[in-house]
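Thanks, everyone, for making the time this morning. I would like to walk you through a few features of one structure, so please bring it up on your screens and follow along with me.

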Amino acid sequence: MVAIFDAISEPIARRITGGLVRIGLVLKSRAWKGAGSAGVTPTQGQALSMLREAPAGLHLSALAKLLGVSAPTASDMVNSLVAKGLARKEAGTDKRSITLKLTTDGEALAARTMEWPDFLGSAVEALAPAEQAAFLRMLVKLIRTLQINGDIPLQRMCITCRHFRPNAHDGPNPHHCAFVDAPFGDRHLRLNCAEQEEADDETKDANWQRFVARDAIIAAS
Ligand code: SF4
């Protein structure tokens with residue numbers, strides 16, 4: 001009977017992709033709706049969220065990288081946010097370096113943009129805690145591949161961080177963050193950590209091998 005379904009089913013990767021595309025379409029439509037009523041574009045809303053997650057501010061080049069846009073596009077977008085009173089430019093120690101920060105109005109709007117995908121958050125919360133942790137682990141792996149293939153902007157994830165020590169401990173919190181010097185589990189993996197510092201390629205490869213080595217243990221448990 002299984003063979004029949006193998007014959008009549010689309011490859012599983014295509015069905016998963018189809019599901020993700022559907023969720024992506026809803027996210028996009030919600031973002032346009034939320035952005036329209038807030039007087040910004042979805043990308044500007046995303047920029048506000050990025051700035052909210054970096055209280056020390058971000059350089060224009062870092063923001064451009066996170067959003068996956070060119071420096072001139074990021075510059076135009078930031079000028080528009082500044083003109084709307086949502087962001088401000090602060091001179092760094094080096095006169096040529098400008099740090100971008102949110103204004104009070106920008107903070108308030110950024111908090112609202114974080115609510116745009118709330119409908120999805122409710123659906124994720126309906127999953128069991130173990131399923132959420134497994135889902136987060138899979139997302140990390142998926143995003144890493146997209147990042148390597150150049151299909152997604154650089155993300156500030158644990159998996160590529162120089163402070164990440166995967167599977168350094170036994171038990172439910174096997175990983176270690178050298179930045180805060182504390183163990184943590186898959187459920188704590190970060191996709192956008194303000195303290196993340198990109199590791200060198202050799203460290204990233206070694207960490208990846210140590211991270212995925214646990215897949216066999218998870219599959220057997
Ligand atoms: S500093 Fe942040 S990204 Fe790096 S390992 Fe610690 S929690 Fe993860």
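Let me begin with Ile23, which lies in helix 2, and let me say straight away that what we are looking at is a predicted model. Ile23 is partly exposed, with a relative accessible area of 37%, and together with Ile12, Ile16, Leu20, Leu142 and Leu146 it forms a nonpolar patch on the surface, where these residues have about 520 Å² of accessible area together. Two elements give two or more residues to that patch, namely helix 2, spanning 12–38, and helix 8, spanning 129–148. Of the contributions to the nonpolar patch, the most comes from helix 2, which gives four residues.

Let me now turn to helix 8. At 1.5 Å a residue, its 20 residues should span 28 Å, and the C-alpha atoms at its ends are 29 Å apart, which agrees.

Which residues of helix 8 are buried? They are Ala133, Leu136, Arg137, Val140, Ile143, Arg144 and Gln147, and, if you look down the axis of helix 8, these buried residues fall within an arc of 130 degrees, so they line one face of the helix. On the other side of helix 8, by contrast, Ala130 and Met138 are exposed.

Finally, if you follow the chain onward, helix 8 is followed by Gly150, whose phi is positive, near 75 degrees. That is where I will stop, and I am happy to take questions.

How values were computed:
Residues are numbered from 1 along each chain as its sequence is written. This is a predicted model: local features need pLDDT of at least 70, side-chain atom pairs count only at pLDDT 80 or more; totals for chains, interfaces and linings use all residues. Side-chain values use heavy atoms; hydrogens and water are left out. Patches are made of residues with over 30% relative accessible area and no salt bridge: like charges are joined within 9 Å, nonpolar side chains (Val, Leu, Ile, Met, Phe, Trp, Tyr) within 5 Å. Accessible areas come from the Shrake-Rupley method with a 1.4 Å probe; for residues, only the protein chains shown count as cover. A salt bridge is a side-chain nitrogen of Lys or Arg within 4 Å of a carboxyl oxygen of Asp or Glu. Buried means under 20% relative accessible area, exposed over 50%, partly exposed in between (1.4 Å probe, protein chains only). The expected span of a helix is 1.5 Å times one less than its number of residues. The arc is that of the directions from the helix axis to the C-beta atoms.
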